[in-house]
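I opened my notebook to go through this one piece by piece. Here is the structure, followed by my entries.

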Amino acid sequence: MTVYFLCLVLFCIGLYCIVRKRNLIKIIIGIAIMEYSVNLFFILIGYKIGGRAPIHSSDQTILNMVDPLPQALVLTAIVIGLAVTALIAAIAIRVYEKYGTFDITKIRKLKG
Amino acid sequence: MTRILLPLFVVIPLGAAFLNSLIGKRIKGFSDVLSAIATCALACISIYSVFIFKDTGLIVYKVGGWIPPMGIAMVMDGLTVFMLVTVNLVAFLISIYSISYMEKYTEKWIFYCLFLLMVAGMNGVIISGDLFNLYVFLEIAAIASYALVAFGTEHEELEAAFKYAVMGTVASSFILLGIAFLYSVTSTLNMADMSLEIAKGGSPRIIMLVSVFFLMGFGLKSALVPFHAWLPDAHPSAPAPISAMLSGVLIKSLGIYAIARVFFNVLGTSPQVLSALMILGVLSLIIGGCLALGQWDFKRLLAYSSISQIGYVMLGIGLGTPLGIMGGLFHLFNHSIFKSLLFLNSGAVEYATGTRDLQKMGGLREKMPVTSSTSLIGSMSIAGIPPFNGFWSKLIIIAACVQAHHFAYAVWAVLISLLTLAYFMKVQRYAFFGELKERLSHIKECPFFMKFSMISLAVLCLAGGLLLLPGVFDSFLGAASDAVLAGKDYANVVFVAIR
């Protein structure tokens with residue numbers, strides 16, 4: 001139970017970071033933290049204490065195995081997260097080139 | 001044999017995007033032709049699939065030959081067919097339009113790559129029968145759209161793209177979290193199987209929590225009001241064809257379609273969820289409409305109007321009655337037609353005059369007759385003037401509200417419809433009628449391809465009402481609303497089709 005709670009705490013830290021921080025880079029870090037906490041949660045769902053990978057082989061029987069599906073899904077989710085982070089970081093660099101600052105309170109051309 | 005059609009909706013745009021990135025850079029004009037052919041093929045196949053669906057009913061494609069629920073499934077039911085036609089028809093016309101419009105940007109082939117990826121993502125979201133695949137395709141479409149919003153790489157575009165990307169990612173995280181919770185309850189990812197597992201009862205509280213996550217996630221993707229802040233920045237900043245694509249179909253396939261599919265067919269609706277959807281819908285309706293009235297930027301006004309019109313769609317679907325859902329879906333189709341048309345008009349005006357500020361325009365009717373008359377048709381459709389398509393769908397939604405005894409919602413729907421008329425009259429008055437400004441005396445009408453798309457969409461606006469005719473209705477709109485109304489029965493139908 002504690003693990004799930006810590007996972008929630010991590011998620012909230014990420015969300016706090018996105019909502020409250022003013023620096024673009026810190027927002028990106030917040031996004032990464034939030035994504036990791038979701039991935040961690042997904043892995044925890046399929047995890048079993050003492051479980052092992054369900055590799056099929058004729059000479060052994062597996063009694064206690066972890067659920068492999070969440071791991072496969074999380075791999076996909078990590079790749080997606082990487083793409084998003086890379087894209088956002090690229091946009092942030094271009095923003096810096098244009099505005100000369102990472103402070104979101106000074107990046108305000110759009111209003112209304 | 002008809003099953004082979006299903007993966008084509010993803011394979012064609014993905015393959016075209018890949019070819020584009022290989023060859024498009026070297027040969028000039030290649031990417032124009034390739035994406036026009038690809039989207040044209042998609043539009044043709046999607047219209048053909050309407051007839052196939054009429055004959056055979058629901059079709060399931062097993063990816064890689066693995067039997068669902070173990071393997072991944074692609075499912076084509078009435079709602080899927082309806083959405084595919086909407087998305088691919090609009091995508092085809094927009095791709096034609098981009099041939100001329102995108103001339104002013106460099107690196108056109110990148111634009112087409114991203115555009116086709118976005119189409120692939122949207123088609124994937126619509127056709128997928130697997131919740132995690134839905135998420136993956138949703139991310140493909142979303143990432144392509146973040147990049148497309150930033151395509152101009154000027155101050156405003158970058159700022160809007162950053163905002164959009166951050167909010168979109170938060171939404172995606174919530175959706176993934178919802179999927180994780182659902183997986184922990186049902187131990188399956190196939191939507192039909194999930195629906196059966198949930199129907200057994202079990203953990204209603206987790207289902208409620210998941211509903212909230214999905215409402216947040218998909219609500220943010222479809223820009224319902226408390227989550228709408230990114231839309232008025234992102235949509236005007238993108239190049240006009242992409243604004244049309246985002247407002248016309250992206251927020252619907254990623255947002256409304258996903259909400260309808262997940263809540264009606266998988267989680268099952270409860271009165272609380274339906275009333276939440278209706279409240280969100282009415283809020284979007286009112287706030288979007290009121291904010292649109294005060295805008296002077298042509299595209300920003302259209303973006304706020306999108307929020308307002310999405311509110312109508314959500315209100316109709318949230319009513320949960322057959323008439324309401326039918327009206328909501330019909331308005332979804334109509335909105336994708338006339339909002340794309342209006343965004344293309346704004347693009348044509350920007351192309352000719354170089355400004356989006358309504359106060360700097362005026363009297364464009366003399367110089368740009370095609371743009372002006374098509375935008376008049378679009379404005380009248382969106383404002384709900386008979387005999388254009390917007391009138392019929394709004395009428396059905398309002399009638400459905402009255403039928404379900406939600407009189408307050410009906411009154412708001414009527415009032416905001418009048419408000420819509422008011423702000424589109426403002427557009428017509430300031431942009432197209434009145435005195436021609438001195439500065440604008442040398443402008444010319446836009447090139448052929450842009451005219452072609454705008455005229456086609458205007459014709460569709462006029463013809464949209466014909467979808468209600470008895471023979472046409474059952475196979476297209478009726479089938480879509482039946483698929484939503486089937487609710488949990490979706491699972492049984494899918495499992496019959498698998499065997």
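**Entry 1: the interface**

I counted four residue pairs in polar contact between chain A and chain B, both residues at pLDDT 80 or more. For a polar contact I took a pair of N or O atoms within 3.5 Å; within protein, one must be able to donate a hydrogen and the other to accept it, and residues adjacent in sequence count only if both atoms are side-chain atoms.

A note on the ground rules: this is a predicted model, so I asked for pLDDT of at least 70 for local features and 80 or more for side-chain atom pairs, while totals for chains, interfaces and linings use all residues. Residues are numbered from 1 along each chain as its sequence is written, chains are lettered from A and ligands numbered from 1 in the order in which they are written, and side-chain values use heavy atoms, with hydrogens and water left out.

I then looked up who takes part: 37 residues from chain A and 36 residues from chain B, where contact means heavy atoms within 4.5 Å. Together the two chains bury about 3,200 Å², with 80% of it on carbon and sulfur atoms. Buried area here is the accessible area (1.4 Å probe) that two parts lose on being put together, summed over both.

Which salt bridge crosses between the chains? I found E154(B) and K98(A), whose side chains meet at 4.0 Å, N to O. The rule finds one salt bridge across this interface; it asks for a side-chain nitrogen of Lys or Arg within 4 Å of a carboxyl oxygen of Asp or Glu.

On the side of chain A that touches chain B, the elements giving two or more residues are α1 (2–20), α2 (24–46) and α3 (68–99) of chain A. Helices (H or I, at least four residues) and strands (E, at least two) are DSSP runs, numbered from the N terminus. The largest share of that side, 16 residues, comes from α3(A). I sorted the residues of that side into 27 nonpolar, three polar and seven charged. In that sorting Ala, Val, Leu, Ile, Met, Phe, Trp, Tyr, Cys and Pro count as nonpolar, Asp, Glu, Lys and Arg as charged, and the others, Gly among them, as polar.

**Entry 2: a strand pair in chain B**

I checked β2(B), residues 73–76, and found both faces covered: A73(B) and V75(B) on one side and M74(B) and M76(B) on the other are all buried. Buried means under 20% relative accessible area, exposed over 50%, partly exposed in between (1.4 Å probe, protein chains only). β2(B) pairs with β1(B), residues 59–62, in the antiparallel sense over four bridges; DSSP must find at least two bridges between strands for a pair. One bridge joins Y61(B) to M74(B).

**Entry 3: S128(B) and helix α7(B)**

Is S128(B) buried or exposed? I find S128(B) buried, at a relative accessible area of 3%. This serine is in the loop between α4 (108–127) and α5 (131–149) of chain B, and its side chain reaches the backbone oxygen of D130(B) at 3.0 Å. Leaving aside neighbours within four places in sequence, the contacts of S128(B) include A73(B) and V75(B), along with M191(B).

M191(B) led me on to α7(B), residues 191–199, where it is one of the buried residues. The cover over the buried residues of α7(B) includes α5, α6 (155–186), α8 (204–221), α10 (240–267) and α20 (489–498) of chain B. N190(B) caps the N-terminal end of α7(B), with a side-chain oxygen 3.0 Å from the backbone nitrogen of A192(B). Just after α7(B), G201(B) takes a positive phi of about 90°.

**Entry 4: more salt bridges**

Over all chains I count nine salt bridges.

- E97(A) and R94(A) come within 3.7 Å, closest N to O; both lie in α3 of chain A, three residues apart, about one turn of the helix. E97(A) is exposed at 58%, whereas R94(A) is partly exposed at 36%.
- D233(B) and K163(B) come to 2.5 Å. D233(B) lies in α9(B), residues 231–237, and K163(B) in α6(B), so the pair ties together parts 70 residues apart in sequence. D233(B) is buried at 4%, while K163(B) is partly exposed at 33%.
- R356(B) and D297(B) come to 3.1 Å, and R356(B) is buried at 19%.
- D32(B), E103(B) and K108(B) are linked in a network of salt bridges.
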